[in-house]
Amino acid sequence: MDLVVQDFPELLKAMGVTLTLGVVSFVLGSALGMLVGLARISRFRLLKALAIAYVSVFRGTPLLIQIMLVYYGLPQIGILIEPIPSAVLALTVYAAAYLSENFRAGIIAVDRGQWEAAHSMGMPYLRMLRRIVAPQAVRVALPPIGSRFIALMKDTSLASAVTVVELTRAAESIGSSTFRYMEAFLVAGAAYWLINTLLSVGQGALERRLGKAYA
């Protein structure tokens, strides 16, 4: 317990970095994932092929490799990115590949008759997506999207590989200075558990609210 009290400021700061990495990457990944998901169902073959290739590459390679490529690989071609932006970029493109499939499944689940009805009324495509398709698609896709958010929050631990001082890196630093690795990593694990438990509770509440709205 004294370890927590002694290193509380460092752990709290590291938790803030973890939350920032997870939330920012999820928001950006959701936006990119929606675009990729729409490209997957596009009638334009080239656009669809590019989207399929994107998903295949970023889902088929380890996130750690992607983080390393951004931080250590890009400087070799003259692109220098700081540790935190590097981690955010890698986490974003990785999350987008998975979220795009969640969004695509949600969009496909919307009854085709509603698309046709909106089209027959002369509703512009973007307005149709925003008012008719997106709300229903998000409701269908919410459970896997929530699970991806929780998984992404745990994936932020890999940012420690590029010197980002988030929870895992902070626990390692505390362990190396105090030789109390067991306690340090147990505290870090408890912090991840707390964050993801709160996210799970929030997800459940949102699912219930949307369920009542569309009942």
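Helix 2, which covers residues 8–40, packs against helix 8, residues 167–178, in this predicted model. Their axes lie 8 Å apart and meet at an angle of about 155 degrees. Angles over 145 degrees count as roughly antiparallel, and so helix 2 is roughly antiparallel to helix 8.

You can find the residues that make this contact on both helices. Helix 2 brings E10, L11, A14, M15 and T18, while helix 8 offers L167, A170, S173 and I174. Sorted by character, the residues of this contact are 6 nonpolar, 2 polar and 1 charged. A general point about helices is handy when you look at such a list: an α-helix has 3.6 residues a turn, so residues three or four places apart point the same way.

Now let us move to helix 5, which runs over residues 83–109. Its 27 residues, at 1.5 Å a residue, should span 39 Å, and the C-alpha atoms at its ends are indeed 39 Å apart, so the two values agree. If you follow helix 5 along its length, you will come to a bend of about 30 degrees at A97. Helix 5 is also mostly covered, with 19 of its 27 residues buried.

Our last stop is a single residue, Q66, which sits in helix 4, residues 63–73. Is Q66 buried or exposed? Its relative accessible area is 7%, and because buried means under 20%, Q66 counts as buried. Which residues does Q66 touch, leaving aside its neighbours within four places in sequence? Q66 is in contact with V57, F58, T61, A90, V93 and Y94.

Notes
Residues numbered from 1 in each chain as written. Predicted model: local features only at pLDDT ≥ 70, side-chain atom pairs only at ≥ 80, totals over all residues. Heavy atoms only, no water. Axes fitted to C-alpha atoms, helices over the stretch in contact; angles between N-to-C directions. Helix = DSSP H or I, 4+ residues; strand = E, 2+ residues; numbered from the N terminus. Parallel < 35°, antiparallel > 145°, perpendicular 65-115°, else oblique. Contact = heavy atoms within 4.5 Å. Nonpolar A, V, L, I, M, F, W, Y, C, P; charged D, E, K, R; others polar. Expected span 1.5 Å × (residues − 1). Bend = angle between axes of the 7 residues up to and from the residue. Buried < 20%, exposed > 50% of the residue type's maximum accessible area, 1.4 Å probe, protein only.
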